[in-house]
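I opened this model to look at its core, one of its helices and its pocket. My notes follow in the order I looked things up.

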Amino acid sequence: MAKGTFIVKTLKHLLEKNRQWADAIRRQQPDFFEQLSRQQNPDYLWIGCSDSRVPANQIVGVAPGEIFVHRNIANAVVHTDLNCLSVIQYAVEVLGIRHIIVCGHYGCGGIRAAMENHQHGLIDNWLLHIKDTQRFHAAELEPLDAEKRFGRLCELNVIEQVKNVAHSTIVQNAWNRQRTVNVHGWIYDLGNGLISDLGCGVSNQEELQALDADSTVKPG
Ligand code: CO
């Protein structure tokens with residue numbers, strides 16, 4: 001038997017868990033999958049970190065079908081990232097989603113790596129976007145002790161990504177057409193499982209201009 005086949009077989013436990021999960025849902029609602037397979041109609045787009053400890057649906061307690069999800073390391077929204085932009089465009093223009101949530105988290109390994117001065121490989125190029133945020137906010141960050149600086153950069157990164165989402169042509173065009181699109185900035189605490197709203201949400205150009213001009217936004 002090929003070695004590869006053996007490795008695949010060792011994941012049987014995940015397939016077994018999948019069957020148990022689907023059975024449990026069908027017991028509660030026999031037509032759940034049949035209904036959901038016809039179409040998706042989510043109310044929210046979630047842009048979060050790839051971190052295994054921050055699974056979108058689970059931490060806000062919603063079922064499959066309710067959140068459209070994009071995750072990458074350190075929940076970055078980069079204006080040349082066709083992957084992320086395509087997700088935002090499809091969410092806003094095709095699915096008609098009105099709420100985009102950027103959710104970062106304290107203790108983010110991507111943010112920590114960006115703060116370090118040694119190389120981690122290809123990922124360092126992705127993390128340059130976080131290093132930019134660190135540089136923009138150096139005056140606020142530098143006086144803080146290492147732990148507070150780390151936490152604050154996790155927050156500031158979310159705020160910058162909210163701006164990046166709102167400045168995208170997709171959200172700008174939606175707003176210009178009088179469409180409702182609200183962009184929210186949240187942060188998740190791995191230590192207690194709770195999400196805080198960073199108070200940097202924007203729903204129109206005026207709010208975005210005010211956020212651009214205000215570097216003092218903090219959790220409410
Ligand atoms: Co992270």
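**Core**

I started with the largest nonpolar core, bearing in mind that this is a predicted model. The largest nonpolar core holds 44 residues, and L45, I88, I100 and V165 touch the most other members. I then asked which element gives this core its largest share. Helix 9, residues 146-167, does, with nine residues.

I picked I100 for a closer look. What does I100 contact, once neighbours within four places in sequence are set aside? I listed L45, I47, I88, V92 and V165 among its contacts. The list also includes V171, V181, N182, V183 and H184.

I noted a second core as well. This other core lies apart and has nine residues, among them V54, A56, C103 and W186.

**Helix 7**

Next I went to helix 7, residues 123-136. I counted 14 residues in helix 7 and a reach of 21 Å from the first C-alpha to the last. That is close to the 20 Å expected at 1.5 Å a residue. I still checked the axis for a bend. Helix 7 has a kink of about 35°, centred on H129.

Which residues of helix 7 are buried? I found D124, L127, I130 and T133 buried. The spacing made me recall the helical repeat. An α-helix has 3.6 residues a turn, so residues three or four places apart point the same way. I then looked for what covers the buried residues of helix 7, and the cover includes helix 6 (109-115) and helix 9.

**Pocket**

I turned to empty space. Rolling a probe the size of a water molecule over the atoms shows where such space is left. The largest pocket has a volume of about 180 Å³.

What lines the largest pocket? I wrote down A76, V77, V78 and H79 among the lining residues. The lining also includes H129, D132, T133 and F136, along with E160, Q161 and N164. Helix 7 and helix 9 are the elements that give two or more residues to this lining. Helix 7 gives the most, with four residues. I marked H129 twice, as the centre of the kink in helix 7 and as a lining residue of the largest pocket. T133 also got two marks, since T133 is buried and lines the pocket.

**Whole protein**

I closed with the overall figures. I counted eleven helices and five strands. The C-alpha trace spans about 55 × 45 × 35 Å along its principal axes. Of the 220 residues, 38% are buried. Among contacts with a separation of 6 or more, 61% join residues 24 or more positions apart.

Definitions and conventions
Residues numbered from 1 in each chain as written. Predicted model: local features only at pLDDT ≥ 70, side-chain atom pairs only at ≥ 80, totals over all residues. Heavy atoms only, no water. Core = buried A, V, L, I, M, F, W, Y, C linked by side-chain atoms within 4.5 Å. Buried < 20%, exposed > 50% of the residue type's maximum accessible area, 1.4 Å probe, protein only. Contact = heavy atoms within 4.5 Å. Expected span 1.5 Å × (residues − 1). Bend = angle between axes of the 7 residues up to and from the residue. 1 Å grid on protein atoms, 1.4 Å probe; cavity = no way out; pocket = protein on both sides within 12 Å on 5 of 7 lines; lining within 4 Å. Points joined across faces, edges and corners; volume = space filled by probe spheres on them.
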